[in-house]
Amino acid sequence: MSIRLIAVTSLIVAAALASGCVEERVVHDRPVYVQQQQPAYVEVVAPRPPPPVIVEQVGPRPGYIWSHSYYRWDGRQYVTVRGHWEVVRQGYHYVHPHWEQHGDGWHWRAGVWIVG
């Protein structure tokens, strides 16, 4: 068997194995806010509306909540940010990251945990 055939076969096998990989991240370092309202805006103002909300189908995972994907503004265009798992915090509810429209453009709100 030639070295070229072995190299090509190894490459195909590696690609096949890697294509099934899925990364599931759990984020532990989100701030917790004790007031009843969300904190001030993160001042990212986009001049045009974001693309439609990304709807993902994820199964339940005990002790976790799925923070859905969203689009961030990089100064020129929207870029997709993948969703991730958040550890459930008893006595708090999670507000997903989202954009809100105001008179001067679209304002970004980060995902946060709020008492209640």
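Let's work through a few exercises on this predicted model.

**Exercise 1.** Decide whether Trp-73 is buried or exposed, then characterise its ring pair with Tyr-78.

*Solution.* Start with accessibility: Trp-73 has a relative accessibility of 14%, so it counts as buried, the cut-off being under 20%. Next, take the partner: Tyr-78, at 13%, is buried by that cut-off. Now look at the geometry. The ring centres of Trp-73 and Tyr-78 lie 4.9 Å apart with 65° between the planes. Angles over 60 degrees count as edge-to-face, so that is the label for this pair.

**Exercise 2.** Classify the ring pair of Trp-99 and Trp-108, and find the cluster they belong to.

*Solution.* Here the centres are 5.3 Å apart and the planes make an angle of 55°, which makes the pair tilted. Both tryptophans are buried. They belong to one aromatic cluster with Tyr-70, Trp-73 and Tyr-78. Over the whole structure, a search gives seven aromatic pairs.

**Exercise 3.** Work out how strand β10 is placed and joined to β9.

*Solution.* First, count buried residues: five of the five in β10 (residues 105-109) are buried, so the strand is largely enclosed by the rest of the structure. Then check the pairing: β9 (residues 98-102) runs antiparallel to β10, with five bridges between them. One of the bridge partnerships links His-98 to Arg-109. Finally, the connection is a hairpin through two residues.

**Exercise 4.** Which residues does Tyr-71 touch beyond its sequence neighbours?

*Solution.* Tyr-71 sits in strand β5 (residues 70-73). Its contacts beyond four places in sequence include Pro-51, Ile-54, Trp-99 and Trp-108.

Notes:
Residues numbered from 1 in each chain as written. Predicted model: local features only at pLDDT ≥ 70, side-chain atom pairs only at ≥ 80, totals over all residues. Heavy atoms only, no water. Buried < 20%, exposed > 50% of the residue type's maximum accessible area, 1.4 Å probe, protein only. Helix = DSSP H or I, 4+ residues; strand = E, 2+ residues; numbered from the N terminus. Pairing = 2+ DSSP bridges. Contact = heavy atoms within 4.5 Å. Phe/Tyr/Trp six-rings, centres within 6.5 Å; stacked < 30°, edge-to-face > 60°.
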